[in-house]
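Dear colleague,

I am passing on a structure for you to look through. Please open it first, and then read the notes below alongside it.

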Amino acid sequence: MFETIKKDLTTAMKEQDKFKLDVIRMLKSALQLESIAKKHDLSDEEVIAVIKRETKKRASSIEEYKKYGKTDTVESLKKEIEILSVYLPEELSDDELNRIIEETIKELNAESIKDMGNVIKTVGSKVGSSADMGKVSKIVKEKLS
């Protein structure tokens with residue numbers, strides 16, 4: 001995964017796509033910082049986690065900039081999210097996610113909101129990085145309430 005990002009960085013340089021180049025450089029920098037913090041080379045799962053974190057930062061910034069009417073910055077952030085999304089695995093559909101959550105609830109015999117932590121943890125290990133855990137948490141809470 002990290003190698004793909006490096007290749008895309010080189011390609012952006014050759015194509016002289018300044019915007020894409022800046023975004024990929026930022027991503028590479030974030031990955032290097034994470035690697036230094038963890039004191040080892042990042043696995044693909046860890047790389048995906050960093051990319052998701054960077055995407056979430058931009059998504060929350062979009063909401064803030066919308067409040068203040070900064071449409072040019074909002075558009076710029078949306079483009080950044082598009083570029084970052086290329087590196088993320090395709091997310092599960094709502095139907096697939098609901099099915100996995102229901103199966104997990106049955107497996108664990110979860111009956112109340114007290115079991116929510118176990119359900120989310122188990123679903124997380126099943127779906128890995130192909131689902132937004134915030135969304136998983138929300139669905140599990142609805143089903144157990």
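**Salt bridges**

Lys-126 and Glu-107 form a salt bridge, in which the closest N and O atoms are 2.8 Å apart. This pair links distant parts of the chain, since Lys-126 belongs to helix H6 and Glu-107 to helix H5, 19 residues apart. Lys-126 counts as partly exposed, because its relative accessibility is 39%. Please keep in mind throughout that this is a predicted model.

How many salt bridges does a search of the whole structure find? The search finds 13 of them. Some share partners, and in this way Glu-34, Lys-38, Glu-46 and Arg-53 are joined into one network.

Arg-58 is a good residue to follow with some care. Arg-58 forms a salt bridge with Glu-54, with 3.2 Å between the closest N and O atoms. These two residues are four apart in helix H3, which spans residues 44–67, and therefore about one helical turn separates them. As general background, an α-helix has 3.6 residues a turn, so residues three or four places apart point the same way. The side chain of Arg-58 also meets that of Glu-80 in a salt bridge, at 2.5 Å from N to O. Because Arg-58 lies in helix H3 and Glu-80 lies in helix H4 (residues 71–85), this pair ties together parts that are 22 residues apart in sequence.

Are the residues around Arg-58 buried or exposed? Both Arg-58 and Glu-54 are buried. Since buried means under 20% relative accessible area, Arg-58 counts as buried because its relative accessibility is 11%, and Glu-80 is buried as well, with a relative accessible area of 15%.

**Helix H5**

Helix H5, which you met above through Glu-107, runs over residues 94–108 and has 15 residues. From its first C-alpha to its last, H5 reaches 21 Å, which is close to the 21 Å expected at 1.5 Å a residue. Which residues of H5 are buried? They are Leu-97, Ile-100, Ile-101, Thr-104 and Ile-105. These buried residues lie on the same side of H5, because they cover an arc of only 135 degrees around the axis. On the other side of H5, by contrast, Asp-95, Lys-106 and Glu-107 are exposed, so that Glu-107, an exposed residue, is the partner of Lys-126 in the salt bridge described at the start.

What covers the buried residues of H5? The cover includes helix H6 (116–127) and helix H7 (133–144). Just after H5, Asn-109 takes a positive phi of about 50 degrees.

**Pockets and cavities**

The largest pocket has a volume of about 290 Å³. It is lined by 15 residues, of which Lys-52, Lys-56, Ala-131, Asp-132 and Met-133 are the closest to its centre. Helix H3 gives the most to the lining of the largest pocket, contributing seven residues.

The count of cavities of 30 Å³ or more comes to one, and the largest cavity has a volume of about 30 Å³. The residues that line the largest cavity are Glu-91, Leu-92, Leu-97, Ser-130, Ala-131, Asp-132 and Lys-135. Leu-97, which is one of the buried residues of H5, is thus found in the lining of the largest cavity, while Ala-131 and Asp-132 line the largest cavity and are also among the residues closest to the centre of the largest pocket.

With best wishes

Definitions and conventions:
Residues numbered from 1 in each chain as written. Predicted model: local features only at pLDDT ≥ 70, side-chain atom pairs only at ≥ 80, totals over all residues. Heavy atoms only, no water. Expected span 1.5 Å × (residues − 1). Buried < 20%, exposed > 50% of the residue type's maximum accessible area, 1.4 Å probe, protein only. Arc of directions from axis to C-beta. Contact = heavy atoms within 4.5 Å. Salt bridge = Lys/Arg side-chain N within 4 Å of Asp/Glu carboxyl O. 1 Å grid on protein atoms, 1.4 Å probe; cavity = no way out; pocket = protein on both sides within 12 Å on 5 of 7 lines; lining within 4 Å. Points joined across faces, edges and corners; volume = space filled by probe spheres on them.
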